[in-house]
Amino acid sequence: MAIIRAEEGILCYNSLMNKLLLMISVLAAVVLAAMMFLTSPSSIGPVGVLVFFTTSYLFFLGLAALGCRLFFMIRGKINKAKASTNLSKKSLRYGLVVALAPVALMLVGSFGGISIGEVVIVVFLEILLCFLTSRNVI
């Protein structure tokens, strides 16, 4: 009886986390669209640039978590019995890491362009962070 209630609590928690992540991503997309259409980088100042990169990370976090969830579902790596509990946690953990790549590329591009070497460094960083995430180091 207690095991069933614990599993229901985990499912409820995962459902709430998914809804919260969706709401945060949609709100971040609205804020990004407003910033891009209503302001310019020179008029917004340093705090506005910080808000831009933070909201872009939150937007890409939602996309990355969704992409990781679809990847893990298609791959079929997780057992059917544990799919509801582990899939959400695993996709969120990998999504947190994968969402750094577009923000890092935007950050590098804001300094005057993106070269092949910088893309290789970001890809290597992503591979390293995904490896550490898979080993539960991060």
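**A buried glutamate and a kinked helix**

In this predicted model, Glu126 is buried yet forms no salt bridge. The nearest side chain of opposite charge is that of Arg93, which lies 13 Å away, whereas a salt bridge would require a side-chain nitrogen of Lys or Arg within 4 Å of a carboxyl oxygen. Glu126 belongs to helix 5, which comprises residues 116-134. When neighbours within four places in sequence are set aside, the contacts of Glu126 are with Val97, Val98, Leu100 and Ala101.

The overall architecture consists of five helices and zero strands, giving the pattern α-α-α-α-α along the sequence. The protein has 138 residues, of which 22% count as buried. Among contacts with a separation of 6 or more, 69% are accounted for by residues 24 or more positions apart. The accessible surface amounts to about 9,500 Å², and carbon and sulfur atoms contribute 76% of this area.

Helix 2 (residues 41-75) departs from a straight path. A straight helix of 35 residues would span 51 Å at 1.5 Å a residue, but the end C-alpha atoms of helix 2 are separated by only 41 Å. A kink of about 80 degrees is present in helix 2, with its centre at Val47. The residue that follows Val47 in sequence, Gly48, is among the buried residues of helix 2. The other buried positions of this helix are Phe53, Thr55, Ser56, Leu61, Gly62, Ala64, Ala65, Cys68 and Phe72. Just after the end of helix 2, Gly76 adopts a positive phi of about 70 degrees.

Notes. Residues are numbered from 1 along each chain as its sequence is written. Side-chain values use heavy atoms; hydrogens and water are left out. Helices (H or I, at least four residues) and strands (E, at least two) are DSSP runs, numbered from the N terminus. The expected span of a helix is 1.5 Å times one less than its number of residues. The bend at a residue is the angle between axes fitted to the seven residues ending there and the seven starting there. Buried means under 20% relative accessible area, exposed over 50%, partly exposed in between (1.4 Å probe, protein chains only). Lys and Arg count as positive and Asp and Glu as negative; His and the chain ends are not counted. Contact means heavy atoms within 4.5 Å. Accessible areas come from the Shrake-Rupley method with a 1.4 Å probe; for residues, only the protein chains shown count as cover.
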